[in-house]
Amino acid sequence: AKPIILDMDPGIDDAAAIAVAVNHPDLDVKLITTVAGNVSVEKTTLNALKLLTFFDKAIPVAQGAKAPLKRPFEDAAYIHGESGMPGYDFDQPNRQAMSTNAVEAIHHVLQQADEPITIIGTGAYTNLAQLLTKHPEDKPQIKGFILMGGSISAGNVSSVAEFNVFTDPDAAKIVFDSGLPITMIGLDVTLKALITPETTQALLELGRPGKMLHGLITAYGDVHTGGKPMHDVNTILYAVNPNLIKTTPAAIDVVTDGPAIGATVSDFQHRWHPTDFYNANVGIDIDAANFNTWFLEQVSLMP
Ligand code: BDR
Ligand code: CA
């Protein structure tokens with residue numbers, strides 16, 4: 001199985017991503033680290049622990065940044081509820097987070113690993129930027145990043161910015177400028193892969209995990225015509241079935257100030273960068289029906 005580290009801010013769609021990842025036979029989740037984003041980091045940590053308790057998975061959790069590198073923290077409780085995980089009555093966790101913080105926990109896992117590890121980031125990239133700044137020696141141990149975030153078309157918190165990048169643009173810039181392989185699964189993909197009302201309904205037939213996910217998705221405030229985007233789940237799909245998301249090489253710059261703050265600008269025409277410069281593979285298309293089928297299949301296989 002492919003070793004991965006999940007860095008996230010659960011959050012309803014992060015919760016669904018955890019559910020799929022920890023139960024997928026092709027993935028070996030070495031560590032889950034948490035960051036402030038959808039709700040406070042204390043709550044995102046609690047939510048990760050509740051999910052691991054729910055699935056009874058012995059995966060370590062380490063708490064990370066309480067706030068973005070430079071900007072004030074603003075949550076998204078208007079979409080993910082005050083707890084970040086409404087719609088299902090979870091048991092209190094029967095485990096605790098590590099005493100080590102997220103950055104040192106990732107560093108330790110990378111240093112111990114006998115092969116480079118893929119890091120999947122589905123929250124603000126504060127922890128990941130701190131890791132790259134504090135432990136540049138870890139870079140050879142990072143196989144690449146699969147990031148939910150950004151957009152090469154429109155944004156969801158401003159006309160140009162997506163929430164994860166907008167929350168900590170300074171961190172996003174450090175990650176995108178790191179020179180490491182990056183796959184950016186942004187709104188160009190995730191808003192095409194809406195979970196339909198039929199899929200949400202079908203979850204009710206899929207046992208305890210299905211009922212739990214049905215509750216979360218029903219409570220989720222990210223509503224679009226045709227369904228709800230489970231943004232972060234797309235990164236897990238990409239990790240196991242990269243052929244299901246169409247990507248293209250791109251030169252991405254993160255805007256860290258001004259009215260376009262948080263935008264991920266793609267220099268497709270190479271007017272700013274040298275013609276051979278590419279720093280990311282950007283997801284540009286996905287088949288929504290395939291996504292819904294795949295998601296239901298994953299849930300049906302959950303114990
Ligand atoms: C992203 O923002 C968060 O609210 C979601 O969990 C997802 O990671 C979508 O813009
Ligand atoms: Ca998220």
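# Questions about the fold

Visitor: Over residues 4-291, how far apart are the end C-alpha atoms?
Guide: Over residues 4-291 the chain is 35% helix and 19% strand, helices (H or I, at least four residues) and strands (E, at least two) being DSSP runs numbered from the N terminus. Residues are numbered from 1 along each chain as its sequence is written, while chains are lettered from A and ligands numbered from 1 in the order in which they are written. The model is predicted, with local features needing pLDDT of at least 70 and side-chain atom pairs counting only at pLDDT 80 or more, whereas totals for chains, interfaces and linings use all residues. For residues 4-291, the separation of the end C-alpha atoms is 21 Å.

Visitor: What radius of gyration does the chain have?
Guide: The chain holds 12 helices and 12 strands, and its C-alpha atoms fill a box of roughly 55 × 45 × 35 Å along the principal axes. For 303 residues the globule rule gives 19 Å, the rule being 2.2 Å times the number of residues to the power 0.38, with the radius taken over C-alpha atoms. The computed radius is close to that figure, so the chain is as compact as a globular protein of that length. The radius of gyration is 18 Å.

Visitor: In what order do the 8 strands of the open sheet stand?
Guide: The pairing in this sheet is mixed, two strands counting as paired if DSSP finds at least two bridges between them. Strands S3 (61-63) and S9 (245-250) each have a single partner strand, so they stand at the edges with one side left without a neighbour in the sheet. The twist averages 25° from one strand to the next, with axes fitted to C-alpha atoms (for helices over the stretch in contact) and angles running from 0 to 180 degrees between N-to-C directions. The order is S3-S2-S1-S4-S5-S6-S12-S9.

Visitor: What is the handedness of the crossover from S1 through helix H1 to S2?
Guide: S1 (residues 2-8) and S2 (residues 27-34) pair in the parallel sense over 7 bridges, with lysine 2 opposite leucine 27 and leucine 6 partnered by isoleucine 32. The chain passes from S1 through helix H1 (residues 12-23) to S2, and a crossover is called right-handed if, with the strands pointing away from the viewer, the path from the first strand over the helix to the second runs clockwise. This β-α-β crossover is right-handed.

Visitor: How many residues of S2 are buried?
Guide: A residue is buried if 20 or more other C-beta atoms lie within 10 Å of its own, exposed if 12 or fewer, and partly exposed in between, with C-beta atoms placed from the backbone. Buried residues make up 52% of the 303 residues in the chain, and in S1, which is mostly covered, 5 of 7 residues are buried. S2 is also mostly covered, and out of its 8 residues the buried number is 6.

Visitor: Which helix packs on the sheet, touching S1, S2, S3, S4 and S5?
Guide: Two of these strands, S2 and S3, pair in the parallel sense over 3 bridges, threonine 34 standing opposite glutamine 63. S1 and S4 (residues 117-121) also pair in the parallel sense, over 4 bridges, and aspartate 7 has glycine 121 as its bridge partner. The packing helix spans residues 102-112 and makes about 155° with the direction of S2, a contact meaning that the C-beta atoms of two residues, placed from the backbone, lie within 7 Å. That helix is H4.

Visitor: Which residue does a cis peptide bond join to proline 10?
Guide: Most peptide bonds are trans. Here omega is about -10°, and the residue in question lies in the loop between S1 and H1. The residue joined to proline 10 is glycine 11.

Visitor: Is aspartate 56, in the loop between H2 and S3, buried or exposed?
Guide: Aspartate 56 has a positive phi of about 50° although it is not a glycine, and the loop that holds it runs between H2 and S3. With 10 other C-beta atoms within 10 Å, aspartate 56 is exposed.

Visitor: What phi does histidine 270 have?
Guide: Histidine 270 sits in the loop between strands S11 (264-266) and S12 (280-286), and its 12 C-beta neighbours inside 10 Å make it exposed. Although histidine 270 is not a glycine, its phi is positive, at about 50°.
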